Amino acid sequence: MNQDSALDYCKTKIEGILNWGSSIQWENQEFEELSQIIFNKTGVNLSHTTLKRVWGKVKYDNRPSISTLDALAKFLDYPSWSALKRAREINKKGEPTRPSLVIRSKKFALIMVLVIMASFSSWYIITSNVAKNPKLAENLKFEAKYSSFGLPNTVIFSFDATKLSAKEFVIQQSWDKSKRINVTNDQTKATCVYYYPGYFRSKFVADEVVLKETDVYIETEGWQSTINTNPLPVYLSDKDLIKTGALRLSENGLKHLGRHYEPVSFHYYKREKNISGDHFNFETSIRYDMANKVSACKYAKVVLHFSEGVFLIPFVIPGCVGEANLLVMDNFISGQKNDLSAFGISLDDWQKIAISSLNKHLSIYINDQEIYSAKYQMEPGHLVGISYQFDGAGEVDYLTLSNDDNSWEFDQQF
């Protein structure tokens, strides 16, 4: 498949997912929102100008860069642009393709071949779903340790894959397939640098088969703030933050922001096993200090991160609620297909926000009025972190978090 044909296919698939109508009618705002949606899923920041070039809205004689094409492919759940093209060729020819991973031990060879053939058909390659194989994982050691505390943080992975053979071994830092490093089965160490705090499930992958996972937890020392520039964030120091009266940027922090005009995040990551994602009450109050000058929708997000998933609660100006996306663990709720108008609010003044979870049912309140509720199926695990994100400088007045029986409480009054 040539690149132009593959790119046309890619754009058509993305347009189908978004369901925004013909891209011929798309304006600047649609491309700004697509940029945010791609970043939310892949962690890759493609500017709205780059996307307009890809869609032919801006005259540009050169072809898209491979990094741009990789990001579009990853949005469609392919590990890379080349993988998308290969999968399309396989789909057109109807030729099944299977991973070549085998065990060197003759005792297990036949069993493993059967397992692989049963588990990974051409359907797997075309859809780029990643599966796990517990039998293969028994032959693999995969562990992580930290080089330091804080950010950035180099994580040292130790592994022993000498009993395995494959065309490609990689370590994937998290769910994001763009964050991968190649290793060989005769290596025993490899390092990855983590630039954001959080709770990550790193994966050892052979020929696109996840063999084993290990958790990586990058904690913060109190509140850490970042300006989320691409490719690397700007770290704000204590002198860039004010933590009395409200959590917000100082004059010095605002000067940093004025040079970037990118989203600002406040992170707090500390393991709290006393708080279950299925039994908690959370309350906070937020507002904008100075909105990002390049932001049309003035997004603000509250993220409660648990060991198995997240609750991501978005807020936007009323005119942008169609672009808001709510994530309730395994329940993704798109503003394109659901009425999320209650999340359209002005953050020029303080807004009291409460979130509670009980028996796989999440309820969200603004100023003591319930605005939305949703169910989820998965087990959330325990609390690992909290973060706020603003399109520009925002403020947090306070937050409280307790388990359902109030036997444990985190109370942060700034």
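These legends describe close-up views of one predicted model. Local features need pLDDT of at least 70 and side-chain atom pairs count only at pLDDT 80 or more, while totals for chains, interfaces and linings use all residues. Residues are numbered from 1 along each chain as its sequence is written, and side-chain values use heavy atoms, with hydrogens and water left out.

**View 1. The whole chain holds 9 helices and 25 strands.** Helices (H or I, at least four residues) and strands (E, at least two) are DSSP runs, numbered from the N terminus. The chain has 414 residues, and 49% of them count as buried. Buried means under 20% relative accessible area, exposed over 50%, and partly exposed in between (1.4 Å probe, protein chains only). Take the contacts between residues at least 6 apart in sequence: 65% of these join residues at least 24 apart. Contact means heavy atoms within 4.5 Å.

**View 2. Helix 4 is mostly covered.** This helix spans residues 66–75, and 8 of its 10 residues are buried. They are T68, L69, D70, A71, L72, A73, K74 and F75. After helix 4 comes D77, with a positive phi near 75°.

**View 3. Helix 1 crosses helix 4.** Helix 1 covers residues 3–18. The two axes come within 10 Å and cross at roughly 45°. Axes are lines fitted to C-alpha atoms, for helices over the stretch in contact, and angles run from 0 to 180 degrees between N-to-C directions. Helix 1 and helix 4 are therefore oblique to each other. Angles under 35 degrees count as roughly parallel, over 145 as roughly antiparallel, 65 to 115 as roughly perpendicular, and the rest as oblique. On the helix 1 side, Q3, L7, C10, I14 and I17 make the contact; on the helix 4 side, L69, L72 and F75 do. By class, this contact has 7 nonpolar, 1 polar and no charged residues. Ala, Val, Leu, Ile, Met, Phe, Trp, Tyr, Cys and Pro count as nonpolar; Asp, Glu, Lys and Arg as charged; the others, Gly among them, as polar.

**View 4. An open sheet is built from 4 strands.** Their order is 6-5-8-9, and the pairing is antiparallel. Two strands pair if DSSP finds at least two bridges between them. Strand 6 (180–183) and strand 9 (209–218) are the edges, each pairing on one side only. Neighbouring strands are turned by 20° against each other on average, direction ignored.

**View 5. Strand 8 pairs with strand 9.** Strand 8 covers residues 198–206. The antiparallel pairing runs over 9 bridges. K203 stands opposite E213 in strand 9.
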